[in-house]
Amino acid sequence: MHCKDLTEKLDDYMDGGLDQATAEAIASHAGTCETCRAVIERARELRGLLGDYPVPQAQAGFYDRALVRATHKGGRRQRNRWLLSGFGSAVAAGLAAWVIFGLLPDVPQTPDALASIPGVTIALEEERTINLVFASATALDGATLTLSLPDGIELAGFPGQREITWTTSLKAGRNLLPLTLVALTPTGGELIAHLQHNERNRTFRLRVDVS
Amino acid sequence: MSNAEQNLNFERIVRPHFDRLYRLAWRLTGNKAEAEDLFQELLVKAYGLLDDLVAIEEPGSWLSRVMYNLFVDQHRRYTRQRMHLVDEGHLPGAGLADLAGDLDPVTDIERLENLMRLDAALGQLSEEHRLIVLLHDTEGYKLKEIQDITGVPVGTIKSRLHRARARLRDILSPDGTFS
Ligand SMILES: [Zn+2]
């Protein structure tokens, strides 16, 4: 067993899809090879994280209400109010991308987190929703949020505006800011979100690449 | 069959699958409002197809497939235009903060941070990669079940899963370690 073989078989190994002899060969190689041991360890950690990735349960009564609406004669579902349905002809650009900015003050930022600016890739001239998440340990009332857009990137509904500022309140916990971006040129660049609350400032950067 | 009987019959078939379908809706949409919409839309559609539904041997996988198709159609039809902060109930992994308290606080913050990093890393995957890794590694669907739901062949699913995991490992630990 060589390191390369192990890497190739890693998924099957993790999924328990290998015959016993091969699995044992991997285990014994990992026993002597530190690099491969670390590779397996990372794969296990990732699996653990994914297995632990929660979704909330349905709210009490939701299933019953959904059943009643479905079986009620002529029952039409009601779209959640914030989901606009008036864009029937627009091209939806698939799922939103998620970018999370932590504001948890007591958690030291790891060097990794500081070094890597999150990035998203959007297609030219196609709307794409980017969900910015601001995770805050405390509620921030009356915060000012300023968005600066790179050249060639516009916020849908705000044509020609490079900078947009508004006042908002953040709850303790996670706050979602969905932005629908459109790239007008293939250049891309950095989108900057600047959050100001009382005397405190935080700047968040998001790299936007255009494909 | 009377209306009331018909409704009971419908409920008897679909209710056992609700939790799994609701989770699937979350994995597809990534947020509560759309997950609820999708779930509701599925029930409306399924009720209209009750005659077919009663004859189906595995209604659970049929319902999952219909939900997936509705989701794909919906995303062709709608785009979203929102410009406000909404509450955390609309997030994937919403309620992460509620998990705090049971565990030792340090571990807990680490877990929260790790999950948030996972959230962010998943956001960098393409949607088909993200969906497959969530269905397989998080929800425990088998490759064959994912094929039945999405119509994507098992071989393709396997290679997407492989690439998605490798990418996640890279994003989460560019230097080879998680922490
Ligand atoms: Zn090795």
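In strand E8 of chain A, A:Thr144 has A:Gln196 as its bridge partner, and this contact belongs to the antiparallel pairing of strand E4 (residues 140-148) with strand E8 (residues 189-197), which runs over five bridges. Strands and helices here are DSSP runs, of at least two residues for strands (E) and at least four for helices (H or I), numbered from the N terminus, and two strands pair if DSSP finds at least two bridges between them. The model is a predicted one, in which local features need pLDDT of at least 70 and side-chain atom pairs count only at pLDDT 80 or more, while totals for chains, interfaces and linings use all residues. Residues are numbered from 1 along each chain as its sequence is written, chains are lettered from A and ligands numbered from 1 in the order in which they are written, and side-chain values use heavy atoms, with hydrogens and water left out.

Strand E8 of chain A also pairs with strand E9 (residues 200-210), in the antiparallel sense and over nine bridges; A:His197 has its partner in E9, namely A:Arg200. The two strands form a hairpin with two residues between them, and A:Asn198 in the turn has a positive phi of about 50 degrees. Most residues other than glycine have a negative phi. A:Glu125 likewise has a positive phi, near 55 degrees, and is found in the loop between strand E2 (119-122) and strand E3 (128-136) of chain A. A:Glu125 is exposed, with a relative accessible area of 58%, where exposed means over 50%, buried under 20% and partly exposed in between (1.4 Å probe, protein chains only).

The two chains can be set side by side; contact means heavy atoms within 4.5 Å, and accessible areas come from the Shrake-Rupley method with a 1.4 Å probe, with only the protein chains shown counting as cover for residues.

| Chain | Elements | Buried residues | Exposed area |
|---|---|---|---|
| Chain A | five helices, nine strands | 43% of 211 residues | about 10900 Å² |
| Chain B | nine helices, zero strands | 53% of 179 residues | about 7900 Å² |

Among contacts with a separation of 6 or more, residues 24 or more positions apart account for 71% in chain A, and for 64% in chain B.

A zinc ion is coordinated by A:Cys3 (SG), A:His29 (NE2), A:Cys33 (SG) and A:Cys36 (SG), at 2.1 to 2.3 Å. Donors are N, O and S atoms within 2.8 Å of the metal (3.2 Å for Na, K and Ca), and sites may look incomplete because water is not among the atoms. The site is tetrahedral, with angles of 99 to 113 degrees among its four donor atoms, the term requiring that all angles of four donors lie between 85 and 135 degrees. Along the chain, the donors follow the spacing C-x25-H-x3-C-x2-C. A:Cys3 lies in helix H1 (residues 3-14) and A:Cys33 in the loop between helix H2 (20-32) and helix H3 (34-51), 30 residues apart. A:Cys3 is partly exposed at 37% relative accessible area, whereas A:Cys33 is buried at 12%.

The largest nonpolar core, meaning a set of buried Ala, Val, Leu, Ile, Met, Phe, Trp, Tyr and Cys residues joined through side-chain atoms within 4.5 Å, has 57 residues, and B:Phe10, B:Phe39, B:Leu53, B:Met67, B:Leu118 and B:Leu122 touch the most other members. Apart from it lies another core of 26 residues, among them A:Ile122, A:Leu132, A:Leu147 and A:Leu170. Not counting residues up to four places away in sequence, B:Leu118 touches A:Leu46, A:Leu49, A:Leu50, A:Tyr53 and B:Leu172.

Terms used:
Tetrahedral: all angles 85-135°; square planar, octahedral: opposite > 155°, others 65-115°.
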